[in-house]
Amino acid sequence: MLLAMCVLLLAGCSSTRHVPQGAYLLDMVKIEIEGDDEVSSRELNNYLKQIPNHKVLGFWKLQLSTYNLSGEDSTKWYNRWVRRMGQPPVIYSQSLTDASVRQLQQALVNRGYLEAEVITDTIVIPEKKKIDVTYKINTGKPRRISSISYEIPDTVIERIILEDSALFTLQPGNRFDRDMLDSERALITQRLRNHGFYSFNKEYITFYADTSEYSKNVDLTLTVRPPRVMQNGKLVADSLARHQQYYINKIFFITNGNTPGGDRSAIPTDTIAYKDVSVIYGPDHYISPGALRQKCFLIPGSIYRAADVDRTYEALSRLGILKTINIELVPAGDIEEKHMLNAYIVLSRNKKQSITFDVEGTNSEGDLGFGVGATYQHRNLAKGSQLLTARLRMNYESLSGNFNGLINNRYTEYAGEVGITFPKFEFPFASQRLRERLNVSTEFALSFNYQERPEYTRIIAGAAWKYKWVNRSNTRRHYFDLIDINYVYLPESTNDFLDLIAPDNPLLRYSYEDHFIMSMGYRYYRTNKRIPSSLVRTYKLQPTVYTLRTSIETAGNLLYAISSLSNVRRHDGAYRVFGINYSQYVKAEVDYAVTRNINNRHSLAYHVGAGIGVPYGNSSVLPFEKRFYAGGANGVRGWGVRTLGPGSYDSRNSMTDFINQCGDIRLDMSVEYRAKLFWVLESGAFIDAGNIWTIHNYENQPGGMFHFDTFWKQIALAYGVGLRFDFSYFLLRLDLGIKAHNPAKGQQPWPIIHPDWHRDTTFHFAVGYPF
């Protein structure tokens, strides 16, 4: 009721309440294009100097309405507070409109539309104090590149450029687009800087265009200008000068953060020579020379390559003890007729130790709980930037439902983990050269997890040996789990738990009996999302952001091979290790998400994900902790966690639902519209689809098996709306999911036709976007 009153109040405010007399509110702006269909109004919107107030759902100027709730007296705190949350009216400006015309004209010329015309048409509504502006564009036909020739007097540079000409992105037939020309200049510059041309930049590359008034063809000529030289105290062009190739002379690591650009006499004299580098220490010898040399890909005497500098940055950034890294290259004169560079790698130290605490609340299917945790890190064990991490965590959650008459229905969990990460490749008998070539980190970890529910107590102990590689921009990550061991132990079963849930189903009983898992896995992550730097004030919005996650995991193969070759006796059809059944399976997953930013306030996000797990050999069913589940804040949001599927399985028994509602195959699809409202508020509207299935016809999961001819009928559908609080460093999400199609047998199949608020809605609270 209160929300409805607020909406009516906002809608009832005059949109021109704070528009001065004689001025006009810019109500609408349109771009109409005639000519080439390669040009879209959406792209050209970025060149407009003045746009109307933001509209929610395409029609409601919520921020302007919020601003208009304020009074005229700006000295009152209430009026100032309301105005900060809202957006002031956009007052029409003729000068900004003229500037927009010039920007649009220049943008079209840069894309090859040299004869483009831009005119404006305005419609004034005096009685409403509003104005509409339409930009009418006639692009004409674009100029296209007909030929590309080269004028490069330097034979060395000519050879390098032309031998890589097959990699050029600029080809005859392309539109005469100046952005493409600039991109080509950058690519050529990058190749030259990887061949020793340290001081070369793209400004030395020039394109000359030969155009004709009566032709749309352009003949391009690429030239490389000679370097400028100092004459009489001025930099002047010298046609006889040549760009020089540089070689690496000496390498200095400066560990106390002092810049080499300052007074060299101020550099500390505590210097250690290690192999072919020098390490200059301050008061704290916090890292060993060997750890630094291993992460340096610059080699004295070798030709300068920009790629080697980037690799050195990337490798050093994985040393947790380092806070900042700066590589400065300084000309060192000529040695044996070679132009030399000294490399100064300036480092500053991070905190050696830290401890953090976290507290979170949980709401799973209406059951409230909380979790507390602590993490301790030591970033520089043995002065080699080895990272020691120790975590402790406790979770508590109240459980609703009938648990066979038990009164104290709760879930408690105690977890601990300790691990050490080496910033290099570690493997027995691996050569030093191999350790240096493989730019990966190695992690060894031990974990312990104690879980207690009304029905059972479970203990999971684990050990892992893993490798990780992350590129410098954090857009690509590789994870390889060489070995991951988990021992699942149930010391006691409350009130004959196993006999109650699965008296005649050995497959389900297997999931809740002691078992041993020894797996190997690989995960890959890739995204094009750019993380804006704090040093950059402006950040260009990416039109499309994608994220790809894939993984594959297999378990039990080595143990099965050893058991088979050693003729070990089976127990109930399965081999054992240390008297415990071990799992054997293969599991694969893939998730792909795309966010298309319509503008800086509206976006559409899409997600599709799938997974499959297949038990074989020593196993007839996947371990419970490895099976998939559906529903929840990041799944099909019309259902709570573990309340959907598998297939058409009808969940009725609150005692066993969480056990039976898991599967071996998953499919998820979502589309979500996101719109910024005002202040930190953001709205969302979504449609989700998906389910899970089993690969075998398990007795306790009737209707859960996957069939190609019927699975599409068992895809659940949900829709809903959400409200998000974006605080930049984290996002809180509130989503209301509503069932649209329920595949469970015996339940309303299409609740969207006859919705029931209690039966068909689920509320979710989460941190971060669902994908």
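In this predicted model, five strands form an open sheet in the order β10-β11-β9-β13-β12, and their pairing is mixed. The edges of the sheet are taken by β10 (271–274) and β12 (322–335); each has a single partner strand, so one side of each is left without a neighbour in the sheet. On average, and with direction ignored, neighbouring strands of this sheet are turned by 25 degrees against each other.

A good place to begin exploring is the edge formed by β10. This strand runs antiparallel to β11 (residues 277–280), and four bridges join the two. One of the residue pairs to look for is Thr271 with its bridge partner in β11, Ile280.

Next comes the helix that accompanies the sheet. Helix α9 (residues 306–316) lies across three of the strands, namely β9 (246–254), β12 and β13 (338–349), and runs at about 150 degrees to β12. Is this helix mostly covered or mostly open? It is mostly covered, as eight of the eleven residues of α9 are buried. These are Ala306, Asp308, Val309, Thr312, Tyr313, Glu314, Ala315 and Leu316. The buried residues of α9 pack against the strands β9, β12 and β13, and also against α7 (178–193), α8 (289–294) and β19 (456–470).

Finally, a word on cysteines. A disulfide is a covalent bond between the sulfur atoms of two cysteines. The structure holds zero disulfides. Two cysteines can still be described by their surroundings. Cys662 has a relative accessible area of 0% and is buried. For Cys296 the relative accessibility is 6%, and because buried means under 20%, Cys296 counts as buried too.

Conventions
Residues numbered from 1 in each chain as written. Predicted model: local features only at pLDDT ≥ 70, side-chain atom pairs only at ≥ 80, totals over all residues. Heavy atoms only, no water. Pairing = 2+ DSSP bridges. Axes fitted to C-alpha atoms, helices over the stretch in contact; angles between N-to-C directions. Contact = heavy atoms within 4.5 Å. Disulfide = S-S within 2.5 Å. Buried < 20%, exposed > 50% of the residue type's maximum accessible area, 1.4 Å probe, protein only.
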